[in-house]
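Visitor: Could you take me through one part of this protein closely, namely the charged side chains that pair with one another, and set that part within the whole? I would welcome a connected account rather than a list.

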Amino acid sequence: PVKGTSQADLIRFFGTVADAVDVDVAVQNNPVNLDVSLSADGLVALNRAHPNIRILKGEGWSVDIDRAIAGSDGAFAVFGGHGGIEFPALLQSGGAGLIPAPDFLPAQVAMYEMWRDGRTADALDIHRRLLPAIVFMSRSVPGMLCYGKRLFAAQADIDIRAERAPFKAPSDFGLEQVAGFAEDIRTAVNTSGPHAAALSAAAQG
């Protein structure tokens, strides 16, 4: 859909696809980075008109995600995005989980398992450790592509030797920040309780 597409046209567009299949349909809704998106009320209307649209990658504000879950009577299985910047709030609202970037995967797996096991304080501690890196990566898409892949590479022991044009070149300051974030993630993983050993191995490649 192009910029300026109305909510009604979006619902009609997604509904046409959903009505043509007999499986559950997932929709990504990203009002932060995209020019076209649905409001919480629009998401509820979409599900009510087309009940097989019941999986949502919800990348908007947690308050709107909560409204979409409540308004659909829990019909939506909502998975967060944006690096998990509001992952705890999503889980509190009844969200199903996260579609994570690889940058934070081991620590966020630990966080999710702790939350599921009732260890919310430990899960929130991991989130607080990750949050500066998540915010740093979310400032711009070019910055996320430049430094996000380097954060992942630092954890996976991958040497980046070439760039694909066009690209944003990293600065020395930015690389220093990434090195600090990588250490923060290792620390979060190494203090994540009974799953620490396995998660630490995954984080270190």
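Guide: The secondary structure of this predicted model amounts to nine helices and four strands, and reading along the sequence gives the order α-β-α-β-α-β-α-β-α-α-α-α-α. The C-alpha trace spans about 50 × 45 × 30 Å along its principal axes. Of the contacts with a separation of 6 or more, 61% are between residues 24 or more positions apart. Buried residues make up 38% of the 205 residues, while the protein exposes about 11000 Å², of which carbon and sulfur atoms supply 56%.

Against that background, the charged pairs can be taken up. Side chains of opposite charge can pair when their charged atoms come close. The structure holds eleven salt bridges, and one of them joins Arg67 to Asp41, with the closest N and O atoms 2.9 Å apart. Because Arg67 lies in helix 3 (residues 62-71) and Asp41 in helix 2 (residues 40-49), this pair ties together parts that are 26 residues apart in sequence. As for how open the two partners are, Arg67 is partly exposed, with a relative accessible area of 39%, whereas Asp41 has a relative accessible area of 53% and is exposed, since the cut-off for that class is over 50%.

Arg67 also takes part in a salt bridge with Asp64, at 3.6 Å from N to O. Here both residues belong to helix 3, and because they are three residues apart in it, they are separated by about one helical turn. Asp64 is partly exposed, with a relative accessible area of 31%. Salt bridges that share partners thus join Asp41, Asp64 and Arg67 into one network, and Arg67 is the residue that is paired with Asp41 and with Asp64.

Another salt bridge is the one between Asp159 and Arg161, where the closest N and O atoms are 2.9 Å apart. Both Asp159 and Arg161 are exposed.

For a view of the nonpolar side chains, one can turn to helix 7, which covers residues 141-156 and includes Met144. Val141, Met144 and Leu145 make a nonpolar surface patch of about 270 Å², and within that patch Met144 is partly exposed, with a relative accessible area of 38%. Pro142 has its place in helix 7 as well, and at 46% relative accessibility Pro142 also counts as partly exposed. The C-alpha atom of Pro142 is separated by 9.9 Å from that of Pro166, which is 24 residues away along the chain.

The interior completes the picture. The largest nonpolar core has 41 residues, and among them Phe104, Ile126 and Leu151 touch the most other members. Leaving aside neighbours within four places in sequence, Leu151 is in contact with Asp103, Phe104, Met137, Val178, Phe181, Ala182 and Ile185. Phe104 therefore appears twice in this account, being named beside Leu151 for its links within the core and also listed as a contact of Leu151, by the criterion of heavy atoms within 4.5 Å.

Terms used:
Residues numbered from 1 in each chain as written. Predicted model: local features only at pLDDT ≥ 70, side-chain atom pairs only at ≥ 80, totals over all residues. Heavy atoms only, no water. Core = buried A, V, L, I, M, F, W, Y, C linked by side-chain atoms within 4.5 Å. Buried < 20%, exposed > 50% of the residue type's maximum accessible area, 1.4 Å probe, protein only. Patch = residues over 30% accessible without salt bridge, like charges linked within 9 Å, V, L, I, M, F, W, Y side chains within 5 Å. Areas by Shrake-Rupley, 256 points an atom, 1.4 Å probe, with all protein chains shown as cover. Salt bridge = Lys/Arg side-chain N within 4 Å of Asp/Glu carboxyl O. Helix = DSSP H or I, 4+ residues; strand = E, 2+ residues; numbered from the N terminus.
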